[in-house]
Amino acid sequence: MSASVRTVAEALAVQEQLRPLVDLVGPGPDAPATVAGLDVAYAEEGDRLAAAVTVLDTRTLAVVDSAVVVGRPAFGYVPGLFAFRELPALLDALGGLRTLPELLVCDGHGLAHPRRFGLACHLGVVTGLPAIGVGKTPLVGDWASPGRERGAWSPLSDGGEVVGRVLRTRDGVKPVFVSVGHRVSLANATAQVLALTPRFRLPETTRTADRLCRDALAAGTSRS
DNA sequence: GCGACAG
DNA sequence: ATCTTGTCGC
């Protein structure tokens, strides 16, 4: 059985150990048939959470499979160590799927992380699946505002390297922060996010997973 | 030393 | 993350 990470020192050690395993070559699925979205919702008290994963048919963007589990945060909220909080529950949820998705779209960052190992990298390495991160707010890096049109983007740079892209998914709407997680190129990650945002700022994967875990938290149950 | 800091 | 109120745009 794998011992859970309990201290900051342990978490940092795990990141250092797993970071070299990230596949930066990609390029990832060209036209994936299925894409999964993952998200977590917290109870007001903060002692309970629900983790959900939804699998969408990329052609119709319909949910074809899903799983949700209720549990406890596995770690305190520490920027840079965020994955240790949600990963156990997310892995539980992934285990409840009947379909193996071709790409994971994570709610958070991948390489756009202080040590280049955000949630999307961690989830990708642990599952072996291609993964990307889509964050709503920045964690690290500097960038210029992208053009106002959907599809416009600008490089997200940190420490002299490009760690992601600031991508406008809808005309005139606040951009999102896209970064590579595992086995996907940055260009492909950008294309996948645009394919998942025909109508709203956030990917349909994130939206469906968000709704599922919120509902599960309200119901206080776990099902798939 | 002081702020910033994914969800 | 979550809560709440308010405002703008379609």
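Of the atoms of DNA strand B within 4 Å of the protein, what percentage belong to sugar or phosphate, and what share to bases? In this predicted model, 51% of those atoms belong to sugar or phosphate, while the rest belong to bases.

The protein surface near DNA strand B is made up of 7 nonpolar, 7 polar and 3 charged residues. Among the 17 residues around the strand, the ones that come nearest are Tyr77, Phe82, Asp107, Lys136 and Thr137.

Some of the polar contacts between protein and DNA strand B are set out below.

| Residue | Protein atom | Atom of DNA strand B | Distance |
|---|---|---|---|
| Asp107 | polar side-chain atom | sugar or linking oxygen | 3.0 Å |
| His113 | side-chain N or O atom | base nitrogen | 3.4 Å |
| Leu119 | backbone N or O atom | base nitrogen | 3.0 Å |

Asp107, which is one of the residues that come nearest to the DNA strand, can be followed further into the protein. Asp107 is placed in strand β4, a stretch that covers residues 104-107, and its side chain makes a polar contact of 3.0 Å with the side chain of Lys136, a residue that is likewise listed among those nearest to DNA strand B. Leaving aside residues up to four places away in sequence, Asp107 touches Leu38, Asp39, Phe82, Leu119, Val134, Lys136 and Thr206.

Is Asp107 buried or exposed? With a relative accessible area of 16%, Asp107 falls under the 20% limit and therefore counts as buried, a value that is computed for the protein chains only.

Key. Residues are numbered from 1 along each chain as its sequence is written. Chains are lettered from A and ligands numbered from 1 in the order in which they are written. This is a predicted model: local features need pLDDT of at least 70, side-chain atom pairs count only at pLDDT 80 or more; totals for chains, interfaces and linings use all residues. Side-chain values use heavy atoms; hydrogens and water are left out. A residue is near a molecule or strand if one of its heavy atoms lies within 4 Å of it. A polar contact is a pair of N or O atoms within 3.5 Å; within protein, one must be able to donate a hydrogen and the other to accept it, and residues adjacent in sequence count only if both atoms are side-chain atoms. Ala, Val, Leu, Ile, Met, Phe, Trp, Tyr, Cys and Pro count as nonpolar, Asp, Glu, Lys and Arg as charged, and the others, Gly among them, as polar. Helices (H or I, at least four residues) and strands (E, at least two) are DSSP runs, numbered from the N terminus. Buried means under 20% relative accessible area, exposed over 50%, partly exposed in between (1.4 Å probe, protein chains only). Contact means heavy atoms within 4.5 Å.
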